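User: I am new to reading protein models. Could you walk me through this one, feature by feature?

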Amino acid sequence: MNKVILIGNLANDPEGRTTQSGISQSTFRIAVQRRFANAQGVREADFLTVVAWRQNADFCNRYLTKGSKVAVEGSIQVRSYDAQDGSKRYVTEIIADSVESKKRRERF
């Protein structure tokens, strides 16, 4: 089973676009704090890329802004591509099935 639930703050404003076939997409990063503090007593954060499609994307593009608190439910996807220098690069993303904003209390 591939399922992830994350709660964090947007690290940047969502970047919206529409595919050639007219499907909405939204991409943004969320900062998710780790459960435990490091040796210096600081709770570090992981920055994860989230991709939302269709109604989820429309919601994100319309209502979310940098700093917004969100809950994201979805799955992890890893894809690869060949970089200009010929090396293979890997990208890990969260594909959102639902996004809920504390600010708007809406869920899509």
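**Strands, hairpins and contacts**

Analyst: Let's begin with a hairpin: S2 and S3 are joined this way, with five residues between them, and Gly 22 in the turn has a positive phi of about 90°. This is a predicted model, in which local features need pLDDT of at least 70 and side-chain atom pairs count only at pLDDT 80 or more, while totals for chains, interfaces and linings use all residues. Residues are numbered from 1 along each chain as its sequence is written, and side-chain values use heavy atoms, with hydrogens and water left out.

User: What secondary structure does the chain have, and in which order do the elements run?

Analyst: Helices (H or I, at least four residues) and strands (E, at least two) are DSSP runs, numbered from the N terminus. Here the chain has one helix and seven strands. From the N terminus on, the order is β-β-β-β-α-β-β-β.

User: How many bridges join S2 to S3?

Analyst: Two strands pair if DSSP finds at least two bridges between them. S2 (residues 15-18) and S3 (residues 24-33) run antiparallel and are joined by four bridges. Within this pairing, Gly 16 has Ser 26 in S3 as its bridge partner.

User: Which strands does S1 pair with?

Analyst: S1 (residues 4-10) runs antiparallel to S5, with six bridges joining them. In that pairing Asn 9 stands opposite Lys 69, and Ile 5 has Glu 73 as its bridge partner. S1 also runs antiparallel to S3, joined by two bridges; there, Leu 10 is partnered by Ile 30.

User: What about S5 and S6: how many bridges do they have?

Analyst: S5 and S6 (residues 88-101) pair in the antiparallel sense over 13 bridges, and Val 72 stands opposite Val 99 in S6. These two strands form a hairpin as well, with five residues between them and a positive phi of about 90° at Gly 86 in the turn.

User: How should I read a positive phi?

Analyst: Most residues other than glycine have a negative phi. In this model, Arg 54 has a positive phi of about 55° although it is not a glycine. Arg 54 is found in helix H1 (residues 54-63).

User: How many aromatic pairs does a search of the whole structure find?

Analyst: A pair of aromatic rings is described by the distance of the centres and the angle of the planes. Rings of Phe, Tyr and Trp (its six-membered ring) pair if their centres lie within 6.5 Å; planes under 30 degrees apart count as stacked, over 60 as edge-to-face and the rest as tilted. The search of the whole structure finds one such pair. Phe 59 and Tyr 63 form this tilted pair, at 5.5 Å centre to centre and 50° between the planes. The two residues are four apart in helix H1, which means that about one helical turn separates them.

User: Are those two residues buried or partly exposed?

Analyst: Buried means under 20% relative accessible area, exposed over 50%, and partly exposed in between (1.4 Å probe, protein chains only). Phe 59 is buried, at 2%, whereas Tyr 63 is partly exposed, at 24%. Across the chain, buried residues make up 32% of the 108 residues.

User: How many salt bridges are there, and which residues does Arg 34 meet?

Analyst: A salt bridge is a side-chain nitrogen of Lys or Arg within 4 Å of a carboxyl oxygen of Asp or Glu. The count comes to five. Arg 34 forms one with Glu 44, the closest N and O atoms being 3.3 Å apart. Both lie in the loop between S3 and S4 (45-53), so the pair ties together parts that are ten residues apart in sequence. The side chain of Arg 34 also meets that of Asp 46 in a salt bridge (2.7 Å, N to O). Asp 46 lies in strand S4, so this second pair ties together parts twelve residues apart in sequence.

User: Where is the pair of Arg 79 and Glu 93 placed?

Analyst: Their side chains meet in a salt bridge (3.0 Å, N to O). The pair links distant parts of the chain, with Arg 79 in strand S5 and Glu 93 in strand S6, 14 residues apart. Arg 79 counts as partly exposed, at 38% relative accessibility, while Glu 93 is buried, at 8%.
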